[in-house]
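Hello,

Here is the structure I promised to pass on to you. Have a look at it first, and then read on for my notes.

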Amino acid sequence: MKYISTRGSAPALTFEEAMLSGLARDGGLYVPESIPQMSAADIRALNGLPYEEIAFRVMRPFVGDTFSDETFADLIAKTYAGFGHNARAPLVQLAPNHFLLELFHGPTLAFKDFAMQLIGQLFEEALTRRGERVTIVGATSGDTGSAAIEAFRGLDAVDVFILFPHGRVSEVQRRQMTTPSEANVHALAMDGHFDDCQARLKDMFNDFDFRDEVRLAGVNSINWARVLAQVVYYFSSAVSLGAPDRKISFTVPTGNFGDIFAGYIAKRMGLPIDRLVVATNQNDILHRCLTSGDYHTSEVHPSISPSMDIQVSSNFERALFDAYGRDGKAVAQLMDELKSGGFKVSQGALQALAENFDSGRVSEEETLATIKSAHASMGELLCPHSAVGVKVAEAQRDPATPMITLATAHPAKFPDAVEKASGIRPGLPERMADLYDRPERVTRIENDLGALETLIRERLAN
Ligand SMILES: Cc1ncc(COP(=O)(O)O)c(C=O)c1O
Ligand SMILES: N[C@@H](CCOP(=O)(O)O)C(=O)O
């Protein structure tokens with residue numbers, strides 16, 4: 001299995017090379033050269049298997065010979081052993097034919113743990129075998145950062161630097177990043193929005209001297225391994241509701257487009273997905289683009305679902321690559337136009353996107369009202385991101401087709417918004433009960449590439 005860049009001019013890499021390098025050297029994102037297929041019989045055989053076994057069968061064909069079967073199965077087993085629910089990703093019924101897929105039972109209470117815990121294991125195994133060290137730099141609107149720190153804290157072969165937008169993550173998210181005491185963890189509160197953090201991260205990848213000097217690696221969803229691990233729960237949930245013998249739809253609260261892109265990959269592998277619905281908050285560039293073809297960035301409006309306050313949606317590039325018939329030059333041209341504000345998707349590409357994705361947008365008021373009504377009518381306390389998903393799903397679903405909405409974070413990560421909506425302040429699990437008392441360690445930094453690179457060099461030298 002080889003991986004190629006969405007911009008068409010970086011060398012093709014193996015799974016291990018793509019995983020350890022993150023962004024392609026032409027600025028693009030790696031995608032598999034071809035998508036492995038699962039037959040109806042293969043999919044039917046997943047029903048009733050433990051999550052770990054489903055994960056092995058779904059991901060194995062993408063990994064090539066990077067890991068032996070035995071090692072890969074062992075790493076998957078270690079990955080999910082610490083999750084707080086035996087099913088790992090349990091389904092809860094919200095209404096007739098509407099289900100919630102709870103993806104928040106991992107160590108940092110967000111769906112990011114599904115991939116990040118696995119990547120931690122895969123990195124450690126591969127780096128130990130190669131005798132190498134890497135410097136991970138990640139950009140976060142709150143959840144990727146905490147999940148990455150949890151997955152890599154204390155590992156010998158890795159330093160991890162996380163850029164988060166100062167003042168724009170929830171207190172729980174910030175404390176999850178600033179309270180770990182391991183010397184290899186560096187939480188950096190940067191001026192600006194998440195998009196600025198992600199832009200500086202990409203600048204570092206495109207500064208080849210710096211990239212090679214510090215041996216830069218990325219664990220945002222620019223890293224294909226992140227997307228791959230998220231494909232698994234589309235299979236596990238769909239088969240438990242009758243796939244492949246009936247079609248299932250999914251609604252996904254969306255920001256950087258990684259999670260919904262994983263659903264698209266599941267569909268391309270053969271999972272009979274009827275509709276994949278993108279749910280956005282008031283930062284609705286994806287909804288606007290999917291309905292009009294117009295992808296122009298505007299000001300980011302801070303919301304009560306802050307992890308989705310994103311305008312430059314990284315993985316949308318992967319979807320565009322397929323929509324443009326895998327024409328890397330066309331994608332490179334669009335990404336150039338994005339630097340000056342945006343682009344217009346061609347009619348053909350827009351039609352290709354529309355064949356795979358629907359979308360909806362939810363206001364702040366609607367998000368609060370959905371948290372309130374889901375709690376009152378179903379006893380389910382939703383985080384604001386999951387509420388965005390539920391609202392869009394309720395408006396758009398076909399009652400005859402099961403709809404699964406992804407619940408992407410635990411409500412206790414966003415207690416203020418949840419309390420405002422429902423009157424209930426969700427508590428953290430026992431193991432995190434002292435989070436508010438732990439000392440914080442964080443560095444304020446300006447939105448400046450030079451300052452960031454200098455800080456990283458200095459920290460690595462110490
Ligand atoms: C809680 C939560 N929900 C939804 C999203 C959106 O996911 P994605 O960026 O993969 O679209 C994020 C951030 O990525 C998140 O942290
Ligand atoms: N919402 C994310 C933003 C980064 O997304 P990623 O999936 O590309 O890592 C976050 O919580 O940081």
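Which residues of H11 are buried? Please keep in mind that this is a predicted model. In helix H11, the buried ones are Gly-258, Asp-259, Ile-260, Phe-261, Ala-262, Gly-263, Tyr-264, Ile-265, Ala-266 and Lys-267. That makes 10 of its 12 residues, and the helix is mostly covered. H11 runs over residues 258-269 and reaches 16 Å from its first C-alpha to its last, close to the 16 Å expected at 1.5 Å a residue. The partners of its buried residues are helix H10 (224-240), strand S9 (248-253), strand S10 (273-280), helix H13 (316-323), helix H15 (347-356) and strand S14 (403-407). After H11 comes Gly-270, with a positive phi near 125°.

Another helix you may like to look at is H17, residues 384-396. Its 13 residues should span 18 Å at 1.5 Å a residue, and the end C-alpha atoms are 19 Å apart, which agrees. H17 is mostly covered too, with 10 of its 13 residues buried. Pro-384, His-385 and Ser-386 are among them, as are Lys-391, Val-392 and Ala-393.

Next, the annotated regions. An unreviewed UniProt entry gives "domain: Threonine synthase N-terminal" for residues 2-80. That span is 47% helix and 8% strand, and its end C-alpha atoms lie 27 Å apart. The unreviewed entry's annotation "domain: Tryptophan synthase beta chain-like PALP" covers residues 99-331. Here the chain is 45% helix and 18% strand, with 36 Å between the end C-alpha atoms.

Now to the ligands. Ligand 1 is surrounded by 15 residues, the closest being Asp-143, Asn-256, Gly-258, Ser-307 and Thr-408. Sorted by class, its shell holds five nonpolar, eight polar and two charged residues. Gly-258 is also one of the buried residues of H11. Around ligand 2 there are 13 residues, and the closest are Thr-140, Asp-143, Thr-144, Asn-220 and Ser-221. This shell has no nonpolar residues, 12 polar ones and one charged one. Helix H6 (residues 143-152) gives the most to the shell around ligand 2, with three residues. Asp-143 is listed among the closest residues for ligand 1 and for ligand 2.

What about the interior? The largest nonpolar core has 144 residues, of which Ile-136, Ala-148, Ile-162 and Phe-235 touch the most other members. H10 supplies the largest share of this core, 12 residues. Beyond its neighbours within four places in sequence, Ile-162 is in contact with Gly-138, Thr-140, Gly-145, Ala-148, Ile-149, Met-177, Ala-187 and Leu-188. Thr-140 in that list is also one of the closest residues to ligand 2.

Two single residues make a useful pair to click on. Val-169 is found in the loop between strand S6 (158-165) and helix H7 (171-178). Is Val-169 buried or exposed? It has 25 other C-beta atoms within 10 Å, so Val-169 is buried. Leaving aside neighbours within four places in sequence, its contacts are Ser-141, Gly-142, Phe-164, Arg-174 and Pro-306. Val-169 and Ser-39 are 130 residues apart in sequence, and their C-alpha atoms are 42 Å apart in space.

Ala-126 sits in helix H5 (residues 112-130). With 19 other C-beta atoms within 10 Å, Ala-126 is partly exposed, because a buried residue needs 20 or more. Outside its neighbours within four places in sequence, Ala-126 is in contact with Glu-16, Leu-20 and Thr-66. From Ala-126 to Pro-36 there are 90 residues in sequence and 23 Å in space, C-alpha to C-alpha.

Finally, a few backbone details to check on your screen:

- A cis peptide bond joins Ala-243 and Pro-244, with omega about 10°; Pro-244 is in the loop between H10 and S9.
- Arg-88 has a positive phi near 65° and is not a glycine. It lies in the loop between helix H4 (69-81) and strand S3 (91-95), and counts as buried because it has 24 C-beta neighbours inside 10 Å.
- Asn-97 is also not a glycine, yet its phi is positive, about 65°. Asn-97 is in the loop between S3 and strand S4 (98-102); with 17 C-beta neighbours inside 10 Å, Asn-97 counts as partly exposed.

Best wishes

Notes
Residues are numbered from 1 along each chain as its sequence is written. Chains are lettered from A and ligands numbered from 1 in the order in which they are written. This is a predicted model: local features need pLDDT of at least 70, side-chain atom pairs count only at pLDDT 80 or more; totals for chains, interfaces and linings use all residues. UniProt positions are given in the numbering used here, feature names are shortened, and annotations may be inferred rather than shown by experiment. Helices (H or I, at least four residues) and strands (E, at least two) are DSSP runs, numbered from the N terminus. A residue is near a molecule or strand if its C-beta atom, placed from the backbone, lies within 6 Å of it. Ala, Val, Leu, Ile, Met, Phe, Trp, Tyr, Cys and Pro count as nonpolar, Asp, Glu, Lys and Arg as charged, and the others, Gly among them, as polar. Two residues are in contact if their C-beta atoms, placed from the backbone, lie within 7 Å. The expected span of a helix is 1.5 Å times one less than its number of residues. A nonpolar core is a set of buried Ala, Val, Leu, Ile, Met, Phe, Trp, Tyr and Cys residues joined through C-beta atoms within 7 Å.
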